[in-house]
Amino acid sequence: MISMKRIIAMFIASALILLATAPVSSASAESPAVVVTSVKVEPEALMPGDSGTISICIKNTDTHSSKTETTVETLPYSQKTTTSTGSISAEISNIRLSSGRTGIEWLREGSLRSEYYNIGALGQGESMTVVIPIKAAPHIRDGTYHPEVCIEVKNGKDVRFPVPVRVDSGRVELIEEDVPAEISLHESKEIVMVVANNRPNSVNGVLVTAVGEDMEIMPERIFMGNLAPYEKRKVNFSVSPLSPGNKDIHIEVKYRNGCNSHRSTHESRVFVRNSTGMELILVYAPRSVLRGEVAKIEFDVANGLSKDVRAVSVVPRKSRDRGAVILPSEYFIGDMEAGDVFSASFSVDTSELEEGDNIFPFDLAFRDVDTDRTYEIGGYELHIEVKEPQENRWLQSAKPILLAAGTLMLALIVGVMWLRARHRRKKRTA
């Protein structure tokens, strides 16, 4: 049997062998250098209550430092030494935003998280971009604030970088340049508005809409796209009223500052005159005519508008007196400049008209030069009395007398014939 002393000796020898072959390591290393190489804030200037982002690019600028590991392995009859050299990576523990009392805070969307954990490691010369969501307090004052981006490095020096964030409450405004105080009914006029970006940064998605009380506005909306910082641009709308009186016009501009939607409004008021501006004036028409005569009618067409009109015509509307024949069926004048006066004449054949008052309505039609819209308005309603000729009147009044005389004559003839027949019968019987 193996004695206890021998077993202990064997155990000690084995332990010595294992200890001799274990590696022995030594290492030397430097700390990585993490820096912020670029910062970008979107949008460039926040409005109170806006959300945005801070994009930071961080880089491990250490390109020369390295760590060296030496392993010494002792074998029973020799010793082996191994040396290895490697680059140092920067291990980013977390990134957070320290806002203090600046009013610029980490934007939390459905989460209480206000920092990034376990970002990863940056090798030598490597960089990464981190986007931090931010929000400006609703009642923050205009100015430039400096919240700090804090970067914790496990194996290096932490970084604290103040980021300038600008807050500006300037808005996109609507300014009247040309809004008429008055418009005639059935007239179209242009209103001109100036869209002014009063911000130090550009805005996008600019859309202008206009709505009027009981009036048509064309176009209904104008998309302008982007507006550069402090840029101004004009927009034109054509307004066509549908009824007289004071009318309100509501104009609105919608735009985006970064991803934040905003709007501004403007109210204008115009007075719509009941006058059309285009007038059909009766120059001559007979008060009465004898049936069968041709009635001559003459009009003046006056352009009382402040602009030219096109395709002017006078059209006899279908009369309640169906027997009326009016020529021409349309009197076409054409284009008229502001202040022009042209004449239009018609002939009415009264042969088939009934005696008494006859009504002849005439409409005035024209086209607006700005909107190319055609207007048709009731211009004039003419009354002409149709009378019977004198001979026809005597005939009408003599009809009862002639009828009575004819009846009497017929009775006399019948009486004479009856007497003659009776006298003949008497002679035959005698």
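In this predicted model, the largest nonpolar core gathers 29 residues, and the members that touch the most others are M278, V301, V312, F360 and F362. Seven named strands each give at least two residues to this core: β24 (278-284), β26 (294-303), β27 (309-316), β29 (331-336), β30 (341-349), β31 (356-368) and β32 (374-387). Of these, β32 makes the largest contribution, with 5 residues.

V301 is a good place to start looking around. Beyond its neighbours within four places in sequence, V301 is in contact with M278, E279, L280, V312, V314, I333, M336, D340, V341, F342 and L364. Two of those partners, M278 and V312, also appear among the core members that touch the most others. As a general backdrop, nonpolar side chains tend to be buried together in soluble globular proteins.

There is also a second, separate core, made of 28 residues, and V34, V41, I132 and Y145 are among them.

**The chain as a whole**

Stepping back, the chain holds 2 helices and 32 strands. It has 430 residues, of which 37% count as buried. The exposed surface comes to about 25600 Å², and carbon and sulfur atoms supply 52% of it. Among contacts between residues at least 6 apart in sequence, 67% join residues that are at least 24 apart.

**Two open sheets**

Let us turn to the strands themselves. One open sheet has 4 strands in the order β2-β4-β10-β8, and its pairing is antiparallel. Its edges are taken by β2 (34-42) and β8 (104-106); each has a single partner strand, so one side of each is left without a neighbour in the sheet. On average, and with direction ignored, neighbouring strands here are turned by 35° against each other. Inside this sheet, β4 (residues 51-60) and β10 (residues 127-136) run antiparallel and are joined by 9 bridges. To find one of these links on screen, look for I54, whose bridge partner in β10 is I132. I132 also belongs to the second core mentioned above.

Another open sheet is built from 3 strands in the order β3-β14-β11, with mixed pairing. Here β3 (45-46) and β11 (143-145) stand at the edges with a single partner strand each, so one side of each has no neighbour in the sheet. The pairing between β3 and β14 (residues 165-167) is parallel and covers 2 bridges. L46 has V167 of β14 as its bridge partner.

**A buried valine in β21**

V235 sits in strand β21 (residues 232-241). Is this residue buried or exposed? With a relative accessibility of 3%, V235 counts as buried. Its contacts, apart from neighbours within four places in sequence, are I191, V192, M193, V195, V208, I222 and M224. One of them, V195, is 40 residues from V235 in sequence, while their C-alpha atoms are 7.4 Å apart in space.

**Salt bridges**

Side chains of opposite charge can pair when their charged atoms come close. A search of the whole structure turns up 16 salt bridges, and three of them are set out here.

| Salt bridge | N to O distance |
|---|---|
| R273 and E182 | 2.9 Å |
| K254 and E252 | 3.9 Å |
| R263 and E252 | 2.3 Å |

The salt bridge between R273 and E182 spans a fair stretch of sequence. R273 belongs to β23 (residues 260-273) and E182 to β16 (residues 182-184), so the pair ties together parts that are 91 residues apart in sequence. R273 counts as partly exposed at 31% relative accessibility, and E182 is also partly exposed, with a relative accessible area of 37%.

The other two salt bridges meet at E252, which pairs with K254 and with R263. R263 is in β23 and E252 in β22 (residues 245-257), so this pair ties together parts that are 11 residues apart in sequence. Through shared partners, salt bridges join E252, K254 and R263 into one network. Within this network, E252 counts as buried at 11% relative accessibility. K254, by contrast, is partly exposed at 42%, and R263 is partly exposed at 49%.

Technical notes
Residues are numbered from 1 along each chain as its sequence is written. This is a predicted model: local features need pLDDT of at least 70, side-chain atom pairs count only at pLDDT 80 or more; totals for chains, interfaces and linings use all residues. Side-chain values use heavy atoms; hydrogens and water are left out. Two strands pair if DSSP finds at least two bridges between them. Axes are lines fitted to C-alpha atoms, for helices over the stretch in contact, and angles run from 0 to 180 degrees between N-to-C directions. Buried means under 20% relative accessible area, exposed over 50%, partly exposed in between (1.4 Å probe, protein chains only). Contact means heavy atoms within 4.5 Å. Accessible areas come from the Shrake-Rupley method with a 1.4 Å probe; for residues, only the protein chains shown count as cover. A nonpolar core is a set of buried Ala, Val, Leu, Ile, Met, Phe, Trp, Tyr and Cys residues joined through side-chain atoms within 4.5 Å. A salt bridge is a side-chain nitrogen of Lys or Arg within 4 Å of a carboxyl oxygen of Asp or Glu.
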